[in-house]
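I opened this entry to keep track of what I looked up, beginning with the ligand. Salt bridges and backbone oddities come after that.

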Amino acid sequence: MLIRIPRKNDPKSSEITPANVYHSRRKILMSTGALASAAALPTTALPSDWIEERGYKPHEPAPLLDITPKPYTTQYNNFYEFGTDKEDPARYAEAMTIEPWSVEISGLVAKPGTYALEDVLAGIDLEERIYRLRCVEAWSAVIPWVGFPVSKLLAKYEPLEAAKYVKFTTHLNRDEMRGTRSFFSSIDFPYIEGLRLDEASNDLAIFAVGMYGDELLNQNGAPLRLVVPWKYGFKSIKSIVKIELTKRQPPTTWNMSAPQEYGFYSNVNPEVDHPRWSQAQERVLGAGLFARNQPTLMFNGYAEDVAGMYDGMNLRRNY
Ligand code: MTE
């Protein structure tokens, strides 16, 4: 197999991507503030045996704005409801029935109810957002999501003054989700997550219904998932069936499972290591075989847009 090692003079993505595509990506990134924090990107990879087994061609190393090739982000997943191996979601999530889909909106909102997904989406414009995804396991990807700001959905159902947090719950069907029947699962189901209301209202927090210009696949959390790009990936809860506005901080799945390791905030922070591994670097999916890890950025590169929400907070204690 021909293996290409990245060199200092490798072309920039602006040189290898058609200009119109590059400029539209650029525009999107500029508008979300992501470009401002973009440093020279990634060049790491999945284990080479994993790639060879599947016959993928090593992807040409390229700088930051290069989108992770779709096979990586749709076949190397975390969705414990379908098993804990990275291949399990792609193998088994197809069994999940996603039509019809409804979402219960409850708690401190003026318009609680159980709504068909079509009604939830009605009147909301979809947009593309190209975001980095940084998993707490220290791998990362760049994914073009199709979705809309969480704030637009919340506005529709009108949070009450007393609402301070948003709790999200994943669908649970033990017949269709083999991982939820396992005695060895390290987490309880349904999977739950939460954000402070101001975090959920930040423009960067989106609900995704698609990726790569297409519908979401089940393994990526169809038909509705959260994407919070400045936090570790486990906050980006998949296949959401319930959204609850609460007064108190809700419990969250990984925090309940291992409170010393996973906090409520889980903001990407290269200075605060996981108790069992460093968070200073990340391995970039699909960017070449022997490429270097890239340094992890504070708030995953989105500090300019989100750091202000944590002013005065001790980020080591509030991990
Ligand atoms: N949501 C649910 N319901 N169950 C999960 O196991 N895994 C999380 C998150 N959302 C998970 C989940 C983790 S650890 C990560 S890194 C991301 O989904 C991965 O998203 P992806 O598989 O689309 O890359």
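**Ligand site**

I started with the ligand and found 16 residues around it, the closest being Asn77, Tyr80, Glu81, Arg225 and Lys238. I note here that the model is a predicted one.

Next I looked up polar contacts to the oxygen atoms of the ligand. For Asn77, I have a side-chain N or O atom 2.8 Å from a ligand oxygen. For Asn220, a polar side-chain atom lies 3.0 Å from an oxygen atom of the ligand. For Lys238, the corresponding entry is 2.7 Å, again from a polar side-chain atom to a ligand oxygen. I then checked how much of the ligand is covered: on its own it has 530 Å² of accessible area, and the protein covers 98% of that. I also looked up which pocket this is, and the space taken by the ligand is the second largest pocket.

**Salt bridges**

I counted salt bridges next and got 12 for the structure. I followed up several of them.

Lys242 and Glu104 meet through their side chains, at 3.9 Å from N to O. I wanted to know what this pair connects. Lys242 is in strand β10 (residues 240-246) and Glu104 is in strand β1 (residues 102-107), so the salt bridge ties together parts that are 138 residues apart in sequence. I checked exposure too: Lys242 is partly exposed at 25% relative accessible area, and Glu104 is partly exposed at 33%.

Lys111 forms a salt bridge with Glu158, and their closest N and O atoms are 3.2 Å apart. This pair links distant parts of the chain, 47 residues apart: Lys111 sits in the loop between β1 and β2 (113-116), and Glu158 in the loop between α7 (150-157) and β5 (165-170). Lys111 has a relative accessible area of 39% and is partly exposed. Glu158, at 36%, also counts as partly exposed.

Lys235 and Glu193 form a salt bridge at 2.7 Å, N to O. Lys235 lies in the loop between β9 (225-227) and β10, and Glu193 in strand β6 (residues 192-196), so this pair ties together parts 42 residues apart in sequence. Are these two buried or exposed? I put Lys235 down as buried because its relative accessibility is 1%, under the 20% cut-off. Glu193 is buried as well, at 1%.

I also noted a network of salt bridges that links Glu127, Arg129 and Asp203.

**Around Ala110**

I looked up what comes by Ala110 from further along the chain. Tyr157 is in helix α7 and is buried, with a relative accessible area of 5%. The C-alpha atoms of Tyr157 and Ala110 are 6.2 Å apart, with their positions 47 residues apart in the chain. Glu161 is in the loop between α7 and β5 and is exposed at 75%. From the C-alpha of Glu161 to that of Ala110 I have 9.9 Å, for a pair 51 residues apart along the chain.

**Thr246**

I then went to Thr246, in strand β10. Thr246 counts as buried, at 13% relative accessibility. The side chain of Thr246 reaches the backbone oxygen of Arg248 at 2.8 Å.

**Backbone**

My last search was for backbone exceptions. Most peptide bonds are trans, and most residues other than glycine have a negative phi.

Where did I find cis peptide bonds? One joins Glu99 and Pro100, with omega about 0°; Pro100 is in the loop between α5 (88-92) and β1. Another runs from Phe189 to Pro190, with omega near 0°, and Pro190 is in the loop between β5 and β6.

For positive phi outside glycine, I have Ser266, near 50°. Ser266 lies in the loop between α9 (253-257) and β11 (281-284) and is buried at 4% relative accessibility. Phe299 also has a positive phi, about 50°, although it is not a glycine. The loop that holds Phe299 is between β12 (294-295) and α10 (303-306), and Phe299 counts as buried, at 4%.

Definitions and conventions: Residues numbered from 1 in each chain as written. Predicted model: local features only at pLDDT ≥ 70, side-chain atom pairs only at ≥ 80, totals over all residues. Heavy atoms only, no water. Salt bridge = Lys/Arg side-chain N within 4 Å of Asp/Glu carboxyl O. Helix = DSSP H or I, 4+ residues; strand = E, 2+ residues; numbered from the N terminus. Buried < 20%, exposed > 50% of the residue type's maximum accessible area, 1.4 Å probe, protein only. Near = heavy atom within 4 Å. Polar contact = N/O pair within 3.5 Å; in protein donor to acceptor, adjacent residues only side chain to side chain. Areas by Shrake-Rupley, 256 points an atom, 1.4 Å probe, with all protein chains shown as cover. 1 Å grid on protein atoms, 1.4 Å probe; cavity = no way out; pocket = protein on both sides within 12 Å on 5 of 7 lines; lining within 4 Å. Sits in = over half its atoms within 2 Å of the grid points.
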